[in-house]
Amino acid sequence: MKYKLGDFVRFVDEKLEGYVTRIIDEQMIGVTVEDDFEIPVLASKVTYVHGHGAASHDEEYVAPTNIPAGEFKSKGVHIAVITDAKANALVHLYLVNETSYQLLTAITTEQQKTFKGEFAGIIEPQSSAKVYSAKLSDLQLWPKFIFQVLFYTKQNQPLPEPLNITEQFKAKDFAGAKKLVPLLKQQGWLIQLDQPELIIDAQKLKESFFKPAEEKQEVQKPATELDLHIEKLRDDHQFLSSSEILNIQTDHFKKALDSAIVHQMPDITFIHGTGNGILKHELHKLLSKHPKVQTFMDARKEKFGYGATKVILK
């Protein structure tokens with residue numbers, strides 16, 4: 001198979017082009033076109049697009065930046081996961097080297113006891129390299145990754161122990177908000193491979209068991225309008241089942257309602273959307289039984305339609 005995930009190709013017999021987002025077998029690939037629809041096609045029926053073809057296909061390195069003057073940096077080896085700018089279904093994995101060392105790197109994948117070399121090369125200080133591409137929605141099908149890294153420098157610096165890390169990515173790795181990835185200047189998820197060793201202070205640990213709980217926890221005042229759409233609450237919503245989504249939404253609703261009562265707010269509006277009406281029905285059921293709720297109604301139809309509920313508190 002001459003194509004890899006992330007290659008930009010054009011259909012031979014149709015006016016379509018897109019990114020390779022699936023290797024089906026030795027003859028078939030899946031190509032995601034502009035509308036994010038994946039089309040299965042014979043590999044022989046597509047070709048590299050000029051400027052994205054074989055000549056540039058193996059060029060994985062992101063241009064290194066100059067190392068600023070200052071202290072030698074010995075920590076900062078990350079895997080960054082960044083969504084493709086054109087094919088939203090596709091993500092790219094970069095190995096980001098924020099250290100002052102050269103990194104001699106080998107990355108291997110393992111799936112069902114089958115091993116495959118994915119990347120080998122030198123990553124310069126303060127630079128990065130794209131090492132893998134895949135569909136985020138296929139996360140449960142991703143292989144296990146084996147990251148092997150040796151550190152090298154000509155300067156008089158102690159060498160860290162080589163990294164030999166096996167990582168099976170899970171949905172929780174992408175549960176947090178995206179961050180600005182160093183060097184690449186793009187939003188993505190960042191996973192540090194050379195985490196500092198955790199040192200446990202036995203005395204502080206012992207003291208924590210006998211530390212009295214705070215008498216009163218501060219309850220943050222909620223906004224007057226709370227959007228309960230799942231994409232507003234969680235970044236990993238595409239991995240959640242319908243029941244998990246409903247539980248998360250109702251938990252946020254209950255906490256916001258309790259906070260509004262604590263702060264003696266006169267009212268609060270929950271934006272739940274129209275959809276199939278399940279969330280709205282669940283919220284109304286909880287509100288109808290709540291002793292601190294005076295009444296509730298559809299909120300400003302000209303603004304929300306029937307997709308929001310205004311709650312009047314006692």
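For the lining counts given below, Ala, Val, Leu, Ile, Met, Phe, Trp, Tyr, Cys and Pro are taken as nonpolar, Asp, Glu, Lys and Arg as charged, and the others, Gly among them, as polar. The model in the viewer is predicted.

**The second largest pocket**

Begin by selecting Ile245, Gln249, His272, Asn276 and Leu279, the residues nearest the centre of the second largest pocket among the 17 that line it. The volume of this pocket is about 340 Å³. In the classes defined above, its lining comprises nine polar, six nonpolar and two charged residues.

Next, colour three helices: α3 (230–233), α4 (242–262) and α5 (278–288), each of which supplies at least two residues of that lining. Which helix gives the most to the lining? The answer is α4, with four residues.

**Helix α4**

Keep α4 selected. This helix has 21 residues, and its first and last C-alpha atoms are 30 Å apart, close to the expected 30 Å at 1.5 Å a residue. Now show the side chains of its buried residues, which are Ile245, Ile248, Gln249, Thr250, Phe253, Ala256, Leu257, Ser259 and Ala260. Two of these, Ile245 and Gln249, were already met among the residues nearest the centre of the pocket.

What covers the buried residues of α4? The cover includes the strands β16 (225–227), β17 (267–271) and β19 (308–313), together with the helices α3 and α5. Then move just past the end of α4 to Gln264, where phi is positive, at about 55 degrees.

**The nonpolar cores**

Select Leu93, Trp142 and Phe169 next; these residues have the most contacts inside the largest nonpolar core, which has 29 residues. At least two residues of this core come from each of β7 (77–83), β8 (90–97), β9 (102–111), β10 (114–123), β11 (127–135), β12 (144–152) and β15 (186–192). A second, separate core has 14 residues, including Leu228, Phe253, Ala256 and Leu287. Phe253 and Ala256 are also among the buried residues of α4.

Return to Leu93 and display its surroundings. Residues up to four places away in sequence aside, Leu93 touches Ile79, Ala80, Val81, Ala129, Lys130, Val131, Tyr132, Trp142, Phe145 and Phe169.

**Tyr101**

The last stop is Tyr101, in the loop between β8 and β9. Is Tyr101 buried or exposed? Tyr101 is buried, because its relative accessible area is 1%, and buried means under 20%. Finally, select Glu124 as well: the C-alpha atoms of Tyr101 and Glu124 are separated by 7.2 Å, although the two residues are 23 residues apart along the chain.

Conventions
Residues numbered from 1 in each chain as written. Predicted model: local features only at pLDDT ≥ 70, side-chain atom pairs only at ≥ 80, totals over all residues. Heavy atoms only, no water. 1 Å grid on protein atoms, 1.4 Å probe; cavity = no way out; pocket = protein on both sides within 12 Å on 5 of 7 lines; lining within 4 Å. Points joined across faces, edges and corners; volume = space filled by probe spheres on them. Core = buried A, V, L, I, M, F, W, Y, C linked by side-chain atoms within 4.5 Å. Buried < 20%, exposed > 50% of the residue type's maximum accessible area, 1.4 Å probe, protein only. Contact = heavy atoms within 4.5 Å. Expected span 1.5 Å × (residues − 1).
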